[in-house]
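Biologist: Hi! Could you walk me through this structure? I'd like to hop around a bit and ask whatever comes to mind.

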Amino acid sequence: MEDYNSTTSALSSSSFFGYIIEIYEKIHSRVLDLNMTDFGRSFDCQQTQGSQKTNFLPEFLLQIINSISDPIFVKDRQHRWILFNDAMSNFIGHNGEELLGKSDYDVFPKAEADVFWEKDELVFTTGITSENEESFADIHGVAHHIFTKKSVFVDEVGNNFLVGIIRYLTQKKRVETELADQVKLASFHVAINAAITQSQTLQTTLKRCTDAMVKCLDASFARIWTINYQENMLELQASSGLYTHIDGLHGRVPVGMFKIGLIAQERQPHLTNKVLEDPRVSDKEWAKQEGMVAFAGYPLILNGNLIGVIAMFARHPLSEVTLDALELAVNEISLGITRVQTEQALKESERKYRHLVETSQDIIWSVDTQGYWSFVNQAVRYIYGYEPEEMIGCHCSDFEPPEQIQENIKVFSRILAEESVFQYESVIIAKNGKRLNLLCNASVLKDQEGNVLGITGTATNITELKQAQTYLVESKTILRQQAEKLEETLLQLQESQTQLIQTEKMAALGQLVAGVAHEINTPLGAIRSSAGNISKFLEQTLEKLPMLFQSISSEEIDVFSNLLQRSLQQESRYSTREERQLKRALKAQLETLGIADIDIIADRFITMGVCHDIEAFIPLLHKSNGLEIVEIAYKLSELKRGTKTINIAIDRVSKVVFALKTYARHQPSSEMILANLTDGIETILTLYQNQLKQGVELITKYGDIPSILCYPDELNQVWTNLIHNSLQAMDYRGTLTIETDVIDHQIIMNFTDTGKGIPEEIMSKIFEPFFTTKPPGEGSGLGLDIVKQILNKHSGQITVASKPGKTTFQIMLPIQPIKENQNV
């Protein structure tokens, strides 16, 4: 049918049938267009002056109207049907006799009739032609999309009639809708393809996919999750539409929970066009409030592996075509996720490898088959002194001394002929002219076809290691010489001891000589023991040190050096109680860090004086040979402590002579210094360690006493005499208790033994010179006298209380000593 816009001209016709005739003429014109001219010639048309008049029989006109396929009707001013064609009868579902003279209220429900009446009355009243597209349901309930046009016709006597024509648009709309759907689906696939091929990051890729679902599939909102296999968790990567955030309640969904987790667990899609009746939709109140009608969720699977889940809600039913398009997109998205994840993993791997190569402290290098550098990392700047660009393209022999070139040619030939990694040492010349020692690990470099491209490897600067080995050899020689001198001194001291004894006999001073001999024998034993330990530790350490440096990296060598330096710098010693406390704390820390052999390591660290801030040394302890590393550091530090012990022993001998000189002649010594008395006691206990182990239980109860100004060497002589007397009083079997405390601004020190005690009758004589209860030759009788004189010099006091099984010597020293006693 032609467009009906031109039908408004019929309103000027002189009769209603004239208007119908004009409609026919339109039909006649179309017939002529179809070359059906015989049909057109059957009409007789006459022209009159000033006007056109066409004469047809009414029956023939009705036949013409009924031949039109579009519904046509005419209503009078009372809205009653007075004329309609067969197409109109079929459209409404009533025959002509039922409709003639009836109104809309006789056919349709009142609500619909009211609407039709109001629209028709508007045309009657205004005389304006009405054109509308609308939906209409027939008596069978079938919905039709129609175009209606209604106009007012006025006859010769002024009667108004409403002429209406209806055209079906349902098929047209269906075609347009299907075409629009196809365009949307095509756009959807184009958008998905662009997203998975053009995006750089995973979240950007998937966000473009969910945007396409919202835009092209009319989703209310769409989301995509990916699987985290380590946690068995779906992680939301993209969300579009009604909700765009990805960090809410559904940001992380455990596999098997909620409808999304169940889709992943079952690996089956979940589809419904009745959301409010779906048992898997937990919040139906939300779905009803938002008007949700449909849901579609698919597992993303590739090669049998779960990649993630894709899902969408819609406020309209999802057609089969839409679901087919979504299912096809699922496969594309699975491929896209895998591609992006693979690319990201590859980029991350390349980034880590490049970072490792560029930050390595060791040189990473490659040369071609002719020996020309093809790659070196940044480490050459700190070892060779050259920039990488200065070395690449140069021959490796350009950086080697003449005697090394031939050696490296042989090494390279062996590497090219072998498949395994080859280790060797080399000498190079740095940019500043210095010779450096390198430890190299190298292997043949091949391409994918197995063709040899050259040699690649690493190089570690071991120059300092070589120097350390040389230093250790020289140190061993020096220490051996010192040990020989100590042995010579020992012999001299032994000769002196013999001479002293002989002199004592000659001078009838046997009591004094025996005591001096006793006082000398103890440090001589310490000298002999320390010298032996130094020799033994040197032999053990020098054998293992090269292997140790080969087993650890250059960074770990620095850590080992720091550990050794810490130990060598440690001067102060800890009390037995402090050592126990520190050891417990250190063991707890090591156990927390998962370190093995914590008892031995804690003991060694305490002995070395490394008790705090050990975090820097933890990497060494985690190594498989961590215990061996600690043992070597311990033994190296013991060399210094052994030397210190020898010096202390020599000082002890000097102190014996000094004690004799003090008794004979009281000369002022150097100025007082600030010292910790507990440290002095611990030093003496260390010297008597062997005797204490024979059967003496040592109990120390050290209070928190301050350091005081004193003569620490002289006070050490006091502790030596008291401890020695206690051991002899117990026959080296019993309990020795040493206590320190602060009372009334005085340091109180008690030395208690479980010996046989001091008889009351001799109690007043024990501090007299040369008085002793020991057999001849075992004591000089000067010990307690010297003790008393030294304490007098410090403005201190000594008292004794004794009974069988318990003897206590108590010493009192002022914290702020008074002026030195001038009579001492």
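**Chatting through the model**

Modeller: Happy to! Let's start at valine 800, which is found in strand S24, residues 797-803. Keep in mind that this is a predicted model.

Biologist: Is valine 800 buried, exposed or partly exposed?

Modeller: Partly exposed, because its relative accessible area is 22% and buried means under 20%.

Biologist: And which residues is valine 800 in contact with, leaving aside neighbours within four places in sequence?

Modeller: Those are Ile758, Met763, Ile766, Phe767, Thr807, Thr808 and Phe809. Taking isoleucine 766 as an example, it lies 34 residues from valine 800 along the chain, with 9.7 Å between the two C-alpha atoms.

Biologist: New topic: cores. How many residues has the largest nonpolar core?

Modeller: It has 46 residues. Phe560, Leu590, Phe605, Ile614 and Leu621 have the most contacts inside it.

Biologist: Which elements give two or more residues to this core?

Modeller: They are helices H15 (463-506), H16 (510-551), H17 (554-569), H18 (576-592), H19 (598-608), H20 (618-622) and H21 (626-664). H21 gives the most, nine residues.

Biologist: What does phenylalanine 560 touch, not counting residues up to four places away?

Modeller: Its partners are Leu548, Phe549, Ile552, Leu620, Ile629, Ile632, Ala633 and Leu636. There is also a second, separate core of 39 residues, which includes Ile766, Phe767, Leu784 and Leu791. Two of the contacts of valine 800, Ile766 and Phe767, are among the residues of that second core.

Biologist: Any general reason to expect cores like these?

Modeller: In soluble globular proteins, nonpolar side chains tend to be buried together.

Biologist: Now the holes. How many cavities of 30 Å³ or more does a search of the whole structure find?

Modeller: Three. The largest has a volume of about 150 Å³. It is lined by 15 residues, and the closest to its centre are Trp373, Tyr384, Glu400, Tyr424 and Cys440.

Biologist: How does that lining divide by class?

Modeller: Into 12 nonpolar residues, two polar and one charged. Strand S14 (363-368), helix H14 (402-417), strand S16 (422-429) and strand S17 (435-446) each give two or more residues to the lining of this largest cavity.

Biologist: And pockets? What is the volume of the second largest one?

Modeller: About 1000 Å³. Of its 34 lining residues, Glu464, Ala468, Phe549, Ser561 and Leu564 are the closest to the centre.

Biologist: Which helix gives the largest share of that lining?

Modeller: H15, with 11 residues. By class, the lining of this second largest pocket has 19 nonpolar, 11 polar and four charged residues.

Biologist: Switching to cysteines, how many disulfides does the count come to?

Modeller: Zero. As for surroundings, cysteine 394 is partly exposed, at 25% relative accessible area. Cysteine 710 counts as buried, because its relative accessibility is 1% and the cut-off for buried is under 20%.

Biologist: Last one: which residues of helix H9 are buried?

Modeller: In H9, residues 258-266, they are Lys259, Ile260, Gly261, Ile263 and Ala264. These buried residues pack against strands S8 (221-228), S9 (233-241), S10 (252-254), S11 (270-272), S12 (294-302) and S13 (305-314).

Biologist: What comes after H9?

Modeller: Arginine 267, which has a positive phi, near 55°.

Technical notes. Residues are numbered from 1 along each chain as its sequence is written. This is a predicted model: local features need pLDDT of at least 70, side-chain atom pairs count only at pLDDT 80 or more; totals for chains, interfaces and linings use all residues. Side-chain values use heavy atoms; hydrogens and water are left out. On a 1 Å grid over the protein atoms alone, a cavity is a set of points where a 1.4 Å probe fits but cannot get out, and a pocket is an open set with protein on both sides within 12 Å along at least five of seven lines; lining residues have an atom within 4 Å of a point. Grid points are joined across faces, edges and corners, and a volume is the space filled by probe spheres set on the points. Helices (H or I, at least four residues) and strands (E, at least two) are DSSP runs, numbered from the N terminus. Ala, Val, Leu, Ile, Met, Phe, Trp, Tyr, Cys and Pro count as nonpolar, Asp, Glu, Lys and Arg as charged, and the others, Gly among them, as polar. A nonpolar core is a set of buried Ala, Val, Leu, Ile, Met, Phe, Trp, Tyr and Cys residues joined through side-chain atoms within 4.5 Å. Buried means under 20% relative accessible area, exposed over 50%, partly exposed in between (1.4 Å probe, protein chains only). Contact means heavy atoms within 4.5 Å. A disulfide is a pair of cysteine sulfur atoms within 2.5 Å.
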